[in-house]
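Reader: I should like to learn how to read covalent cross-links and helix packing in a model of this kind. Please take the features in turn.

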Amino acid sequence: MARTPGLLAPLLGPGLGLMLALSLPGSWAADCGSLGPAAHLTFTPAARSRWLVPRVRAPGPLDHLYGTVRSFLSAVQLNPFPTELVRALLNEPASVKVEEVVRYEAGYVVCAVIAGLYLLVVPTAGLWFWCGRGHRRCRGPVKMERKELACERGTFMTFLLLSTLVLLIGVVCAFVTNQRVHEQTGPSVEAVPQMLLSLRGLVSDVPQELQAVAQQFSLPQKHVLKDLDDIATSLGSTIHSQLRSTVYDALASLRSLGQALQVSVDHLRALNTTLLELQDRQQDLERALSVCRERLRDLLQEPGCRGCAESLRQASDLELGADFSQVTRVDNVLHRLKGVPEANFSSMVQEENNTFNALPLLASLQMADVVKELKKAVAQQPRGLKTLVKAFPNWEAAYRWSQALEKVENSSRPYLKEVQRYEKYRWIMGCVLCSVVLLVVVCNLVGLNLGIWGLSAREDPSHSGAKGRAGARVLNVGVCLSCLFAAPLILLVFSTFLVGGNVQTLVCRSWESGELYEFADTPGNLPSSMNLSHLLGLKKNISILLAYQQCKEGAALWRVLQLNDSYDLETYLDMSQYTASLEQELQNLKVDLENVDLLSPAGHRDLQALQSSGLGGLQYPSFLIQIQKPVVNTNMEKLAHELEELAQTQGSSVLGKELQEEAHKLRNLYREKVHPQQSLVAKLNFTVRALATSAPKLQVASGDGRLETSRVMDRVTHLKGELPAWATRILRNESECFLTREMGYFSQYTAWVREEVTQHIATCQPLSGALDNSRVILCDMIADPWNAFCFCLGCCAFFLVPSIIFAIKTSKYCHPVWKRLSSSSSEETQLFHIPRVTSLKL
């Protein structure tokens, strides 16, 4: 009991804390830290990889030849891209004038004239040679040796050799380029269906990709549904954590107040008991002291008592010092506190703590039905996402394009097979013509070798001129072959060169420079049936060149076709209705805190009894005044000791003996009456001082005039009334925070959809890749070797003319040459350089 005054010390601190908490009811309004931010979602890319591998012609030794051919074609076709002519051809073919075509194709017209002359002259010359040879007019062997014979023969042989070497180089290049065209035609033809398939996938895969985008709405749905599994417990825990300090402080105040009440009542009862006992004993002690005082006074006043004056004075003061009958009685206070404390404040506070701590579980039970409805609302898909695919612009156009591309792909396969078949025929014809030219080269080389062999063998006496004649015949065979195949050769060269050259100058050159795209972008150049914007159903014309450049960078069709002008994507990504539904369901979340009483009715009655008991109004100073007084005014032990000393100094033994007996009785009186009374006074002193310290604090008036007990009761009552409102406010705030966090998942989804649709879905790189690959296939892999083949074969065709001329001239010098010899008797014609001795012997 010695530490009782310290039990009330915490009351002031919790009271101020509770008052501060009550004065800030909206302190939780903007705190969302308990839920935390939305987790980062990782979506699976819906866009399919359709990156068309670019085709590139590998660098090789023929690149210089291709460059030479292109330069030659640029010299042949000096005119720029015929914009007006092509526009008229596309829009009004009947209005195209032949003069305009001839003017543009002037270079090829000149080539046609040259080819016509060639076609006329070379076969005619060959026919003349054949006819002349038949009548022995073209044989013309050299019969007589002249000084200039060796020089002429060497010159013609040299030019024939050079012409033959040029033909050899040309025919080798023709063989190589012809084979290159044949080798590259197959893969190029096979690449066409692949490009069409890629383009068809670009269009046909868009609905599936958009459907995949819409299906991934389940990812934020799963996160929200998972969070809804714990929302009730989370909200209950949040309410508990935010109200915990306030409720705990209030309950701690009640526990301290209850403990103080219990201690004060115990002290008050002890005070009353001690006071009644003191008053009863006080009467007995007063009678005993009166008898003892009278007896000692008579004894010490006897004449024979020596030195008894001082003892007589002390004996005369032998009377009560403290009069406890004068102190205030506490019966009325005890009567008002009868049965107090009725409640066990410690158990009550513990029970309320348990009830408050069970708030998360209580919230989970109370919100179960609302959470179930929330899950139903979340499981629904927003209306905009349901129509995202079908509402996408050019849905029908995309379907038509996909069907058209599929039809083109299927119908192109037979034609592509025919192209391969005809390419095989072209290759065979090219090989035949190259073989003919090669045969002419062989004839020239063999004829030259036989002619030179025949000339070198003329020094031999047995030489008959057969080798020379054979060389001349081989050269003549080469001339006949040249004249015979000159016509089909020049026809093939010109026809293929006309096609390949126009492909290069009209298509490839303008395609590579971008003139084709600029022509297509210019309004009015293309008919309406070929207008890309019209075919795609776009509201705004697009630039084909810009679209090509954007596709080359990997842009999506959304950006290329500028679909934001015809399709409001945000309308289909609008989550406002979805959010409103969730928000409406979240408003139905409620938590009932009626079970949290804080103060039971019994505890309330105890505090009301304390409040009206008047415990703080007791006159504690009156108790302390009497307690501070001695029980007896005279020090009885000192007086007894002095009586014993007086007994020894008296002359009369009878008087001394009586003094000894009075001293003994005085000690017995002190031991039996005074000492117990002093113990009760000490007990009363402790109780009074404890009450004087604690009771005024229970009922002391504060600045607003209310007693502390009243303030605690009012605060607890106010807190009990405000707890539901505070819990509702916290619940609303946490619901908004929860909605904000869950909307964060949907915001991530809409941002991902926006990026996926506008930047990744239907990337049109296959379109630019198909255009680039088409140009590479047409121009680099087919047109270049095709034109190079025609160029080489054309060179061979034109170098056949000097080959024919020099072969005819050289063949004259391959026949035996006769030399006329003169003598004194006769004239003989002998073979050139026959020894004279042999002639004389004959």
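Author: We begin with a cross-link: the sulfur atoms of Cys 508 and Cys 779 lie 2.0 Å apart and form a disulfide, the term being used for a pair of cysteine sulfur atoms within 2.5 Å. The model is predicted, local features need pLDDT of at least 70, side-chain atom pairs count only at pLDDT 80 or more, and totals for chains, interfaces and linings use all residues. Residues are numbered from 1 along each chain as its sequence is written, and side-chain values use heavy atoms, with hydrogens and water left out.

Reader: Why is the disulfide of Cys 508 and Cys 779 left-handed?

Author: A disulfide is a covalent bond between the sulfur atoms of two cysteines. For Cys 508 and Cys 779 the torsion about the S-S bond is about -95 degrees, so the disulfide is left-handed. Cys 508 belongs to helix α16 (residues 466-513) and Cys 779 to helix α28 (residues 765-812), so that distant parts of the chain, 271 residues apart, are linked; helices here are DSSP runs (H or I, at least four residues), numbered from the N terminus.

Reader: Is Cys 508 buried or exposed?

Author: Burial is judged by relative accessible area with a 1.4 Å probe and protein chains only: under 20% is buried, over 50% exposed, and in between partly exposed. Cys 508 is buried at 3%, and Cys 779 is buried at 1%.

Reader: How many disulfides does this rule count?

Author: The count is two disulfides. Cys 551 is joined to Cys 764, with an S to S distance of 1.9 Å. Its S-S torsion is about -105 degrees, so this disulfide is left-handed. Cys 551 lies in helix α19 (residues 544-552) and Cys 764 in the loop between α27 (708-760) and α28, so parts 213 residues apart in sequence are tied together. Both Cys 551 and Cys 764 are buried.

Reader: Which cysteine sulfur is nearest to that of Cys 431?

Author: The nearest is that of Cys 434, 6.6 Å away, and Cys 431 is in no disulfide. Cys 431 is buried, its relative accessible area being 17%.

Reader: At what angle do helices α8 and α12 pack?

Author: Axes are lines fitted to C-alpha atoms, for helices over the stretch in contact, and angles run from 0 to 180 degrees between N-to-C directions. Helix α8 (residues 231-300) and helix α12 (residues 359-366) pack at about 140 degrees, their axes 7 Å apart. The two are therefore oblique to each other; under 35 degrees is roughly parallel, over 145 roughly antiparallel, 65 to 115 roughly perpendicular, and the rest oblique.
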